[in-house]
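Biologist: Here is the model I would like to go through with you. Could we take the helix packing step by step?

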Amino acid sequence: MLKIAITNLKGGSAKTTSTAYLAHALGLQGRHVLVVDADPQGSALRWSEVGEWQTPTIGLPVKDLHTRLPGIVPDSIDVVIIDTPPLAEQAGVVRSALRYADLAIVSMAPTMLEFERLPDVWQAIDELEEIDQAPRVTRVLLTRTVANARSTALFRSAIEGGGHQVLATVVPRRESIAQAFGAQVTELGAYEGVALEVLGLEVTL
Ligand SMILES: Nc1ncnc2c1ncn2[C@@H]1O[C@H](COP(=O)(O)OP(=O)(O)OP(=O)(O)O)[C@@H](O)[C@H]1O
Ligand SMILES: [Mg+2]
């Protein structure tokens with residue numbers, strides 16, 4: 001089973017959006033996906049209800065995801081994606097999601113505001129590495145990128161220069177994505193490429 005946590009230190013860094021789209025894109029690849037909304041705000045869960053997702057979604061904003069999820073996830077599920085709250089606000093919940101996950105995806109816009117908060121995310125993962133509970137693979141996902149802007153390449157190389165890996169696929173800023181909350185998730189766009197990359201990583205997990 002593929003276990004993914006979508007995370008970041010900050011709020012508003014496209015965690016919920018990426019969870020929703022990636023879950024649907026992996027579903028399109030024939031995977032049986034369960035979305036776990038670990039954010040007390042419950043945005044993903046609400047979106048799944050209002051948007052009548054086919055993808056099963058549960059709300060579980062708790063600090064012991066890593067011990068509880070193995071007993072909760074049905075056998076029929078082969079991908080679990082956890083939408084986490086901001087690390088800065090709910091460190092316990094995020095740490096437990098990271099302990100459960102094999103793959104951590106750090107979604108962020110290529111801006112200085114988001115870039116300068118990355119070290120806090122790496123520190124949280126490093127601390128879990130010390131107790132052998134960190135995700136085996138971590139990737140940054142650049143979202144809300146602007147076509148032809150230098151920021152995408154600049155922040156990609158800055159992140160890679162710091163020794164961290166960035167998914168090749170980036171998600172452009174799109175009005176259709178900005179307005180997607182509450183609707184069915186249909187036009188998956190770049191997230192189809194993200195899903196293929198994630199499935200490519202799965203063999204290394
Ligand atoms: N590719 C995109 N293009 C345009 N808007 C986007 C894109 N991705 C996300 N957004 C918008 O950015 C805002 C923040 O996204 P989202 O709610 O997914 O972030 P979050 O990290 O889950 O936030 P929170 O920490 O509050 O849960 C939302 O208004 C969302 O619609
Ligand atoms: Mg969210």
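Biologist: In this predicted model, what is the handedness of the crossing of α4 and α6?
Modeller: The two helices, α4 and α6 (residues 118–130), pack with their axes 11 Å apart. Their crossing is right-handed.

Biologist: Is α4 parallel or oblique to α6?
Modeller: The angle between α4 and α6 is about 55°. Angles under 35 degrees count as roughly parallel, and 65 to 115 as roughly perpendicular. An angle of about 55° is in neither range, so α4 is oblique to α6.

Biologist: Which residues of α6 meet α4, and how many residues of that contact are charged?
Modeller: On the α4 side the residues are R95, L98 and R99, and on the α6 side I125, E127 and L128. By class, the contact has three nonpolar residues and no polar ones. The number of charged residues is three.

Biologist: How far apart are the axes of α3 and α4?
Modeller: Helix α3 covers residues 65–72 and helix α4 covers residues 91–100. They pack at an angle of about 55°, and are therefore oblique to each other. The distance between their axes is 8 Å.

Biologist: Which residues of α4 does α3 meet, and which class has six residues in that contact?
Modeller: L65, H66, L69 and P70 of α3 meet V93, S96, A97, R99 and Y100 of α4. Two residues of the contact are polar and one is charged. The class with six residues is nonpolar.

Biologist: Is L65 buried or exposed?
Modeller: L65 is found in helix α3. Leaving aside neighbours within four places in sequence, its contacts include V36, A38, L60 and I82, as well as V93, S96, A97 and Y100. The relative accessibility of L65 is 0%, and the cut-off for burial is under 20%, so L65 counts as buried.

Biologist: I72 is also in α3; which residues is I72 in contact with, beyond four places in sequence, and what is its exposure class?
Modeller: With those neighbours left aside, I72 is in contact with I58 and L60. Its relative accessible area is 37%, which lies between the 20% and 50% cut-offs. I72 is therefore partly exposed.

Biologist: What is the angle between α1 and α2, and how is their crossing described?
Modeller: Helix α1 (residues 15–28) and helix α2 (residues 43–50) have axes 10 Å apart and pack at an angle of about 45°. That makes α1 oblique to α2. α1 passes α2 in a crossing that is right-handed.

Biologist: Which residues of α2 make the contact with α1, and how many residues of the contact are charged?
Modeller: T16, T17, A20 and Y21 come from α1, while α2 supplies S43, A44 and W47. Four residues of this contact are nonpolar and three are polar. The number that are charged is no residue at all.

Biologist: Why is α1 described as largely enclosed?
Modeller: The buried residues of α1 are K15, T16, S18, T19, A20, Y21, L22, A23, H24, A25 and L26. Eleven of its 14 residues are therefore buried, so α1 is largely enclosed by the rest of the structure.

Biologist: What span should α1 have, and how far apart are its end C-alpha atoms?
Modeller: At 1.5 Å a residue, the 14 residues of α1 should span 20 Å. The distance between its end C-alpha atoms agrees with this: 20 Å.

Biologist: Which residue with a positive phi follows α1?
Modeller: The phi of this residue is near 90°. The residue is G30.

Methods. Residues numbered from 1 in each chain as written. Chains lettered and ligands numbered in written order. Predicted model: local features only at pLDDT ≥ 70, side-chain atom pairs only at ≥ 80, totals over all residues. Heavy atoms only, no water. Axes fitted to C-alpha atoms, helices over the stretch in contact; angles between N-to-C directions. Helix = DSSP H or I, 4+ residues; strand = E, 2+ residues; numbered from the N terminus. Parallel < 35°, antiparallel > 145°, perpendicular 65-115°, else oblique. Left-handed = near helix turned anticlockwise from the far one by under 90°. Contact = heavy atoms within 4.5 Å. Nonpolar A, V, L, I, M, F, W, Y, C, P; charged D, E, K, R; others polar. Expected span 1.5 Å × (residues − 1). Buried < 20%, exposed > 50% of the residue type's maximum accessible area, 1.4 Å probe, protein only.
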